[in-house]
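Me: Please take a close look at one part of this model, the sheet in chain A and what surrounds it. I would like the cut-offs stated along the way.

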Amino acid sequence: MWSIGYVIQHVGLFPHMTIAANIGVVPTLLGWPKDRIRQRVSELLDLVRLDPGFARRYPAQLSGGQQQRVGLARALAVDPPVMLMDEPFGALDPITRSRIQNEFLRLQQQIKKTVIFVTHDIDEAIKMGDRIAVLREGGILAQYGTADELLGHPVDDYVADFVGADRGLKRLSLRRVGDLVGDQPAIRVPADAPAVTADTSARVALSVLFTSSANVLAVTGEDGAPLGAVTLEHLREVAGAAEPLAGAKGQAR
Amino acid sequence: MSALAAAAPTPTPPPGGGPVIPNFGGGACPSHTTFCWNWVTQNWGPELGPRLAEHVYITLIAVGIGLVISLAAAMYAYQRGWFERGFIALSTLLYTIPAVAFFLFFVPITGLSLTTIEIGLVGYTFLLLFRNALTGLRSVPPEVTAAAAGVGMTPRQVFFRINVPLAVPSIMAGLRIATVTTISLATIAAYITPLGLGEPIFTALHTVFTTELIAAGVLAILLALVADGLLVLAQRAVTPWARARLRGAR
């Protein structure tokens, strides 16, 4: 019964309980000793990066983003192997949502749980998911695969329409230019070519190329040392390449 | 009438049996003053204090019993719609009966007693207490009950750990109105049996001595205000979360 942590869209914190009691609700139901609950609560507050002082406050005293973190901590309280998150960030404004998404990706690196993440936002699915299941009306599976597979090879018009006509651009955003420079034989980089760092997304690289009217983009390391170059042609291939690309999953930037 | 006269709070009691002798405060007061403070201080110990205590006692019993029955009924009605409609119909009917008629209706059954008074007063609390309790139980946001079920609470745990505590502000709001109403109605109870602050008021109605009327009336008003204030403080103490508000941007 407590092997799945559950996070819902409107968080659903219990307004009459302190933040500590909210996070500790499942341990309390399980009859943990008070000391152990208190200790676990402070661990979890730390994990979701909330100040320990929040423990004694009530949900109404927290912002939407803070409440969502408490909801996350509550779901993680007894360390369930699987988490079900049903549109967890749907009620947040775009800026807060983006920040919480990034924080959750960071958190996921730490806790390494299987997360079933339900969303209606394809961009969120691409950003958050290792594998994405697209469901059509009636809950029928339309396609299941990595973001790159979905964007590169939608199985039918429904999926193609769902991932959007700009799927080529979205696909570019999955790749970092640093990973692309090795794909091609060395290119002569003109001296006046615009330059980006290796961790720039291919999508941003395309934008830079477009606005500079150049055809070749220099790629440099963090220290500015040249690593190679990508061309407009190269990016076009990446956006629409026929075969799946290795190591497609990456953090959107 | 003679029963009322015998209970009249005068330092020099009138002779029993005859017509009520106009009471001018037993000589402690000039005969034509509207309000005589001397009378109040002289009669606090023998009359006003005990009447106030009786009034508090009558009110506590009525509101206490009314609250227990209303809460139980609201909890039951939360699950069953037919019971809600039935209880609302009954309590609305009771509420529309004039107070004196209500009290008199039970006199043949329970006599000129405290029981008769309490039946009436309890009957009047149902509508306010039941409705507020049920509204409170139902006002819990769906995402909160969904989350409660999501963390593994049984339906029973959801009800008692989530619905009931979240209904407290609404229940307390009903309790405040019911208490003030009962304190006011309880003055009429002296019509049945000489108890509470209504007793000196009824007595004074038969005299030209207004001090007693004013003193008892003002005490009833003060009692209502103090009771309401105490309930506000009690509500703040038991629902600290209801006043907790966001500081800073949401």
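Reply: The sheet comes first, then two loop residues, the nonpolar cores and the contact between the chains.

This is a predicted model, in which local features need pLDDT of at least 70 and side-chain atom pairs count only at pLDDT 80 or more, while totals for chains, interfaces and linings use all residues. Residues are numbered from 1 along each chain as its sequence is written, with chains lettered from A and ligands numbered from 1 in the order in which they are written.

Helices and strands are DSSP runs numbered from the N terminus (H or I, at least four residues, for helices; E, at least two, for strands). Three strands of chain A make an open sheet in the order β1-β2-β3, with parallel pairing; two strands pair if DSSP finds at least two bridges between them. The edges are held by β1 and β3 (114–118) of chain A, each with a single partner strand, so one side of each has no neighbour in the sheet. From one strand to the next, the twist averages 15°. Axes are lines fitted to C-alpha atoms, for helices over the stretch in contact, and angles run from 0 to 180 degrees between N-to-C directions.

Five bridges join β1(A) and β2(A) in the parallel sense. Across this pairing, I4(A) stands opposite V82(A) in β2(A). Helix α4(A) packs on the sheet and touches β1 and β2 of chain A; its direction makes about 165° with that of β1(A). Contact between two residues requires C-beta atoms, placed from the backbone, within 7 Å.

Two residues in loops of chain A have positive phi without being glycine. E87(A), with phi of about 45°, is found in the loop between β2 (82–86) and α5 (94–111) of chain A. Because E87(A) has 16 C-beta neighbours inside 10 Å, it counts as partly exposed. R49(A), with phi near 60°, lies in the loop between α3 (34–47) and α4 of chain A. R49(A) counts as exposed because it has 11 C-beta neighbours inside 10 Å. The classes rest on the other C-beta atoms, placed from the backbone, within 10 Å of a residue's own: 20 or more is buried, 12 or fewer is exposed, and in between is partly exposed.

A nonpolar core is a set of buried Ala, Val, Leu, Ile, Met, Phe, Trp, Tyr and Cys residues joined through C-beta atoms within 7 Å. The largest has 93 residues, and those touching the most other members include I23(A), L44(A), A73(A), L129(B) and F130(B). Helix α5 (residues 114–138) of chain B supplies the largest share of this core, twelve residues. Leaving aside residues up to four places away in sequence, A73(A) touches I23(A), L44(A), L45(A), L47(A) and V48(A). A second, separate core of 17 residues includes A205(A), L217(A), V219(A) and A239(A).

Between the chains, 19 residues of chain A are in contact with 18 residues of chain B. On the chain A side, the elements giving two or more residues are β1 (4–8), α2 (25–29) and α4 (64–75). Helix α2(A) gives the most, three residues. The chain A side divides into eleven nonpolar, six polar and two charged residues; Ala, Val, Leu, Ile, Met, Phe, Trp, Tyr, Cys and Pro count as nonpolar, Asp, Glu, Lys and Arg as charged, and the others, Gly among them, as polar. The partner, chain B, has ten helices and zero strands.
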